[in-house]
Amino acid sequence: MDFHPRDTKKLSDIQVSTLLGLALTLPIRYEDTRLHKPFIHNEYITVYALVEAKSVTPKRVSYRLRCDDGTIVHAVFFSPRRYQQTLFSIGESYYLYGKVTTFPELTLIHPKKVS
């Protein structure tokens, strides 16, 4: 079985030339999106949170979130793209996955929705 021409370059970059080689290739990383992990600085976490407020400045968009256990977390996008300014709706709840920082407050940096 041959690979599609557009995939040949991608596969050669990871040094795969056969279908068996592709099947035996292990992923580089794994994202653990389970809930109820503790908030640890510089770790990735998934939370279920209600969007309470939104703040927009030219350099960042910030959403204030209330987790199901009552914890307040902020979701921040630096140098936001237009779609990130309308990514979450106030009053809606989402599962979010992002990197935790604890300075100056509990924050998820560039979180993404988890379905």
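Author: Welcome! A polar contact is a pair of N or O atoms within 3.5 Å. Keep in mind that this is a predicted model.

Reader: Which residue has its backbone oxygen 2.9 Å from a polar atom of the side chain of threonine 107?

Author: Good place to start. A polar contact needs two N or O atoms within 3.5 Å. Here the distance is 2.9 Å, and the backbone oxygen belongs to glutamate 105.

Reader: Is threonine 107 buried or exposed?

Author: Let's place the residue before judging it: threonine 107 sits in strand β5, residues 107-113. Leaving out residues up to four places away in sequence, threonine 107 touches Val73, His74, Val76, Lys99, Val100 and Thr101. Buried means under 20% relative accessible area. Threonine 107 has 6% relative accessibility, so the residue counts as buried.

Reader: In what order do the strands of the closed barrel run?

Author: Strands of a sheet pair through backbone hydrogen bonds, either parallel or antiparallel. In this barrel of 5 strands the pairing is mixed, and the order is β1-β2-β3-β5-β4. From one strand to the next, the twist averages 55°.

Reader: How many bridges join β1 to β4?

Author: Strand β1 covers residues 44-57 and strand β4 covers residues 93-101. One place to look is valine 47, whose bridge partner in β4 is leucine 96. The two strands run antiparallel, and the number of bridges joining them is 7.

Reader: Which residue takes a positive phi in the hairpin of β2 and β3?

Author: These two strands pair in the antiparallel sense over 7 bridges, with valine 61 opposite phenylalanine 77 in β3. Their hairpin has 4 residues between the strands. The positive phi, near 95°, belongs to glycine 70.

Reader: Are the rings of tyrosine 44 and tyrosine 97 stacked or tilted?

Author: The structure holds 6 aromatic pairs. For this one the centres lie 5.7 Å apart and the planes are at 20°. Planes under 30 degrees apart count as stacked. That is why the pair of tyrosine 44 and tyrosine 97 is called stacked.

Reader: Which of tyrosine 44 and tyrosine 97 is buried?

Author: The two residues are 53 apart along the chain, tyrosine 44 in β1 and tyrosine 97 in β4. Tyrosine 44, at 42% relative accessibility, counts as partly exposed. At 7%, the buried residue is tyrosine 97.

Reader: What are the rings of phenylalanine 77 and phenylalanine 88, stacked or tilted?

Author: Their centres are 6.2 Å apart. Both residues are buried, and ring pairs link them with Tyr63 and Tyr94 into a cluster. The planes stand at 35°, so the pair is tilted.

Key
Residues are numbered from 1 along each chain as its sequence is written. This is a predicted model: local features need pLDDT of at least 70, side-chain atom pairs count only at pLDDT 80 or more; totals for chains, interfaces and linings use all residues. Side-chain values use heavy atoms; hydrogens and water are left out. Buried means under 20% relative accessible area, exposed over 50%, partly exposed in between (1.4 Å probe, protein chains only). A polar contact is a pair of N or O atoms within 3.5 Å; within protein, one must be able to donate a hydrogen and the other to accept it, and residues adjacent in sequence count only if both atoms are side-chain atoms. Contact means heavy atoms within 4.5 Å. Two strands pair if DSSP finds at least two bridges between them. Axes are lines fitted to C-alpha atoms, for helices over the stretch in contact, and angles run from 0 to 180 degrees between N-to-C directions. Rings of Phe, Tyr and Trp (its six-membered ring) pair if their centres lie within 6.5 Å; planes under 30 degrees apart count as stacked, over 60 as edge-to-face and the rest as tilted.
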